[in-house]
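The exercises below are meant to be worked with the sequence and the coordinates side by side. Each one sets a task and then works through a solution step by step.

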Amino acid sequence: ASSVNSMYQTFFGCFKIKSLDLRNFDTREVTSMFQMFLNCFELEFLDLTSFNTEKVDDMFNMFYCCQKLKSLDLSNFRTSSVTSMAYLFKDCSLLESIDLSNFGVTNVHYMPLMFCNCKSLKTVNLSNFIAENVWFIDNLFHNCTSLKTIDLTNFKTSSTSGMGNLFLGCESIEYLDLSSFDFSSVTNMGNMFSRCHSLISIKVTSFNAIKVEFTDNMFNGCKA
């Protein structure tokens with residue numbers, strides 16, 4: 001059995017690596033994948049299909065700035081122990097599609113900037129995201145300029161205080177169903193829908209935003 005319990009910054013700054021096949025990595029005891037592939041600017045292929053992530057509690061910055069990755073198979077990931085997914089795919093600017101339907105996020109507290117600047121992202125499957133314990137989702141989809149639809153029907157946001165810049169710059173989205181959102185703990189909604197140029201309709205069941213302090217530029221640039 002593997003005794004390795006941390007993969008902290010394992011490939012951090014491997015600027016020129018283009019391909020990584022990690023099917024032989026034994027990750028059964030790993031608890032941290034913090035910044036594991038951070039700044040792997042040229043990485044085009046990454047095989048993580050054998051990764052066991054059941055004990056991992058930190059995925060902060062894991063794929064940040066993997067600018068050449070177009071696809072990523074994470075179908076084997078089990079994330080029920082993870083508490084931070086902040087910046088997880090930030091600046092993966094060529095990533096076109098990601099299926100996270102297998103992700104368990106019930107223990108995640110931090111999700112800010114998770115998909116920020118994923119400018120080529122057209123589809124993202126978050127169908128099982130029950131985010132009832134998430135505190136911050138600020139900038140979650142910031143500058144996802146190609147994203148046209150997002151299924152957020154399972155998002156339970158009763159613990160969420162930060163929603164600033166949530167959809168900022170999502171200029172292709174026409175419709176948002178936020179009927180599952182609970183706004184009762186939210187304090188920041190600044191720029192939440194700013195520069196959503198194509199947005200026509202938002203579905204909200206109850207706008208119980210009794211603690212909101214910041215709504216600056218909330219709908220700025222919503223031209224449709």
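**Exercise 1. Describe the overall build of the protein chain.**

Solution. Begin with the order of the elements, which from the N terminus on run β-β-β-β-β-β in the protein chain. Counting them gives six strands and zero helices. Keep in mind from here on that this is a predicted model.

Next, turn to the extent of the chain: its radius of gyration is 17 Å, close to the 17 Å that the globule rule gives for 224 residues, so the protein chain is as compact as a globular protein of that length. Along the principal axes, the C-alpha atoms fill a box of roughly 50 × 30 × 25 Å.

Finally, consider burial and contacts. Buried residues account for 48% of the 224 residues, and of the contacts with a separation of 6 or more, 82% are between residues 24 or more positions apart. The surface that the protein chain exposes comes to about 9,800 Å², of which carbon and sulfur atoms supply 47%.

**Exercise 2. Examine the salt bridges, and decide for each partner whether the residue is buried or partly exposed.**

Solution. The general idea is that side chains of opposite charge can pair when their charged atoms come close. The structure holds six salt bridges, and the steps below take up some of them.

- Step 1. Arg 28 pairs with Asp 26, with 2.6 Å between the closest N and O atoms. Arg 28 has a relative accessible area of 42% and is therefore partly exposed, and Asp 26, at 27%, also counts as partly exposed.
- Step 2. Lys 55 and Glu 29 meet in a salt bridge of 2.9 Å, N to O. This pair links distant parts of the chain, 26 residues apart, with Lys 55 in the loop between strand E2 (45-47) and strand E3 (97-99), and Glu 29 in the loop between strand E1 (19-21) and E2. Lys 55 is partly exposed at 42%, and so is Glu 29 at 33%.
- Step 3. Lys 90 bridges to Asp 91, the closest N and O atoms being 3.2 Å apart. Buried means under 20% relative accessible area, a cut-off that places Lys 90, at 9%, among the buried residues, as it does Asp 91 at 15%.
- Step 4. Salt bridges with shared partners join Asp 21, Arg 23 and Asp 47 into one network.

**Exercise 3. Characterise two aromatic pairs by their geometry, their position in the chain and their accessibility.**

Solution. A pair of aromatic rings is described by the distance of the centres and the angle of the planes. The whole structure contains 23 aromatic pairs.

- Step 1. Phe 15 and Phe 41 are stacked, at 5.5 Å centre to centre with 10° between the planes. Phe 15 belongs to the segment before E1 and Phe 41 to the loop between E1 and E2, 26 residues apart. Phe 15 is partly exposed at 45% relative accessibility, and Phe 41 is partly exposed at 26%.
- Step 2. The ring centres of Phe 155 and Phe 181 lie 5.8 Å apart and their planes meet at 10°, so this pair is stacked. Phe 155 sits in the loop between E4 and E5, while Phe 181 sits in the loop between E5 and strand E6 (201-203), 26 residues apart. Both Phe 155 and Phe 181 are buried.

**Exercise 4. Locate a nonpolar patch on the surface.**

Solution. The patch is formed by Tyr 110, Trp 135 and Phe 136, which together have about 260 Å² of accessible area. Phe 136 lies in the loop between strand E4 (123-125) and strand E5 (175-177), and its relative accessibility of 32% makes Phe 136 partly exposed.

Note on methods: Residues are numbered from 1 along each chain as its sequence is written. This is a predicted model: local features need pLDDT of at least 70, side-chain atom pairs count only at pLDDT 80 or more; totals for chains, interfaces and linings use all residues. Side-chain values use heavy atoms; hydrogens and water are left out. Patches are made of residues with over 30% relative accessible area and no salt bridge: like charges are joined within 9 Å, nonpolar side chains (Val, Leu, Ile, Met, Phe, Trp, Tyr) within 5 Å. Accessible areas come from the Shrake-Rupley method with a 1.4 Å probe; for residues, only the protein chains shown count as cover. A salt bridge is a side-chain nitrogen of Lys or Arg within 4 Å of a carboxyl oxygen of Asp or Glu. Helices (H or I, at least four residues) and strands (E, at least two) are DSSP runs, numbered from the N terminus. Buried means under 20% relative accessible area, exposed over 50%, partly exposed in between (1.4 Å probe, protein chains only). The radius of gyration is taken over C-alpha atoms; the globule rule is 2.2 Å times the number of residues to the power 0.38. Contact means heavy atoms within 4.5 Å. Rings of Phe, Tyr and Trp (its six-membered ring) pair if their centres lie within 6.5 Å; planes under 30 degrees apart count as stacked, over 60 as edge-to-face and the rest as tilted.
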